[in-house]
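User: Please take a close look at one helix of this model and explain how it sits among its surroundings. After that, add whatever else helps me read the rest of the chain.

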Amino acid sequence: MPFAAPPSPPLRSFLPRHQLFFLLQNQRLLARQSTNLPRTMLLVFIIAGLGAVTLLVVLFGPHIRNFAAGAVCKSPACLDGKTVLITGANTGIGKETARDLAIRGARVIMACRDVAKGEEAAASIRAAYSKAQVEVRELDLADTCSIRSFAQEFLRDVDRLHILINNAGVMMCPYTKTIDGFEMHIGVNHLGHFLLTSLLVGLMKRSAPARIVVVSSLAHNFGWVRFHDLHSQGSYNSGLAYCQSKLANVIFARELARRLKGTNVTVNSVHPGTVNSDLTRHSTLMTIFMTVFSMWLKTPREGAQTSIYCAVAEELHSVSGKHFSDCAPAFVAPQGRSEETARRLWDVSCELLGIEWH
Ligand SMILES: NC(=O)c1ccc[n+]([C@@H]2O[C@H](COP(=O)([O-])OP(=O)(O)OC[C@H]3O[C@@H](n4cnc5c(N)ncnc54)[C@H](OP(=O)(O)O)[C@@H]3O)[C@@H](O)[C@H]2O)c1
């Protein structure tokens, strides 16, 4: 038979009651200390890490801010007697672009889908600069009827248009369609502006020299035009839908520049930088990211600089079909340079909108 050790009698059976109490207390204390040690170390590391980050931010904060701010439009151009139209001008980059161009003396028409928000923005511009000639008109780029009636009234009331800034945009919204059944990103960011520009380009030619600025994004690099499913009905990813629409902006600007050669109306697209604005309103994750890293991001005023530069810089008077970022020429993704894709997108856009634009 194998040897089996006799079971040891429980401590309780041979230790006096008070000694047993102290022994158990000691054991509990030791156990608590051994589990607390890594936790204490972790806490020390977290506090030290936070301290180091705070120190770095305090020491390098001003440099980080300067770097994040990007380039500034240094042109002193005066816009007395010029008329400017900016879409989505009630907030963010659009509002700051409107403010700057109004200070330069232009009559600025702020095209906003929410007139009350637009009037608030116009009032704040007038409060900062009493001579500002800013006015608000209703335009919903998600509705072709609204675009047509906006253009009709505009052509009736305004006899010159020197600068058009296609700025309004939506990003990463849940799958929704415009009134006309287009997926929201491609519908507002590309098709809405395509229709608006087609309706106003005649006036711009008559007002030449004139400039069109299309606000695109670095995100165009990650997009491709899905001709087989432009409205993402097969599968939808809000980030990719945004990238596709921003790529369409770049392609449209280049193709329109080609078609407007010789008219003295130039067209350029811009990437404003990563700007702390309301654009991320549909994505909680992006909003948290923007809040945490706000020091590393541009303010809307800083984000407006490249649009302003393309609208006024003297040296760009005959530059057309280019892409800009930080007030300098910028890289265009290969899929944004394809002439075949540009012609195809042009034809598809005309077909979807039921227009002829040669
Ligand atoms: N922020 C960035 O980091 C960043 C980076 C690259 C490119 N961009 C581009 O910069 C442009 C301006 O963006 P932002 O940062 O200034 O964003 P924002 O503060 O959200 O401004 C977007 C503007 O577009 C308007 N808009 C949206 N849907 C519209 C519609 N259906 N009809 C008419 N107006 C409409 C908005 O009006 P409501 O206020 O009524 O919604 C708002 O005025 C966009 O084209 C965006 O894609 C921004």
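Analyst: The model is predicted. Before the helix itself, a note from a record: an unreviewed UniProt entry places a "transmembrane region" at residues 42-64. In the model, residues 42-64 are 100% helix and 0% strand, and the end C-alpha atoms of this stretch are 29 Å apart.

The helix chosen for the close look is α4, residues 144-157. Its 14 residues, at 1.5 Å a residue, should span 20 Å, and the end C-alpha atoms are indeed 20 Å apart, so the expected and computed spans agree. Thr-144, Ile-147 and Phe-150 of α4 are buried. Seen down the helix axis, the buried residues of α4 fall within an arc of 120°, which means that they line one face of the helix. What covers these buried residues includes the strands β2 (107-112) and β3 (133-138) and the helices α5 (184-207) and α11 (339-353). On the face of α4 turned away from the buried side are the exposed residues Cys-145, Gln-152, Arg-156 and Asp-157.

One of the helices that cover α4, α5, is followed by a loop that leads to β5 (210-215) and holds Pro-209. A cis peptide bond joins Ala-208 to Pro-209, with omega about 5°. Most peptide bonds are trans.

Two other loops hold a residue with a positive phi. Asn-264, in the loop between α6 and β6 (265-271), has a phi near 70° although it is not glycine. Asp-326, in the loop between β7 (323-325) and β8 (328-329), has a phi near 50° and is likewise not glycine. Most residues other than glycine have a negative phi. Asn-264 counts as partly exposed because 16 other C-beta atoms lie within 10 Å; for Asp-326 the number is 19, so Asp-326 is partly exposed too.

Leu-240 belongs to helix α6 (residues 238-259). With 18 C-beta neighbours inside 10 Å, Leu-240 is partly exposed. Its C-alpha atom is 7.5 Å from that of Phe-222, and the two residues are 18 residues apart along the chain.

Last comes the ligand. The shell around the ligand has 30 residues, and the closest are Gly-88, Gly-92, Ala-168, Gly-169 and Ser-277. By class, 13 residues of the shell are nonpolar, twelve are polar and five are charged. Helix α2 (residues 92-103) gives the most to this shell, with three residues.

How values were computed
Residues numbered from 1 in each chain as written. Predicted model: local features only at pLDDT ≥ 70, side-chain atom pairs only at ≥ 80, totals over all residues. Near = placed C-beta within 6 Å. Helix = DSSP H or I, 4+ residues; strand = E, 2+ residues; numbered from the N terminus. Nonpolar A, V, L, I, M, F, W, Y, C, P; charged D, E, K, R; others polar. Expected span 1.5 Å × (residues − 1). Buried ≥ 20, exposed ≤ 12 C-beta atoms within 10 Å, placed from the backbone. Arc of directions from axis to C-beta. Contact = placed C-beta atoms within 7 Å. UniProt positions renumbered as here; feature names shortened; annotations may be inferred.
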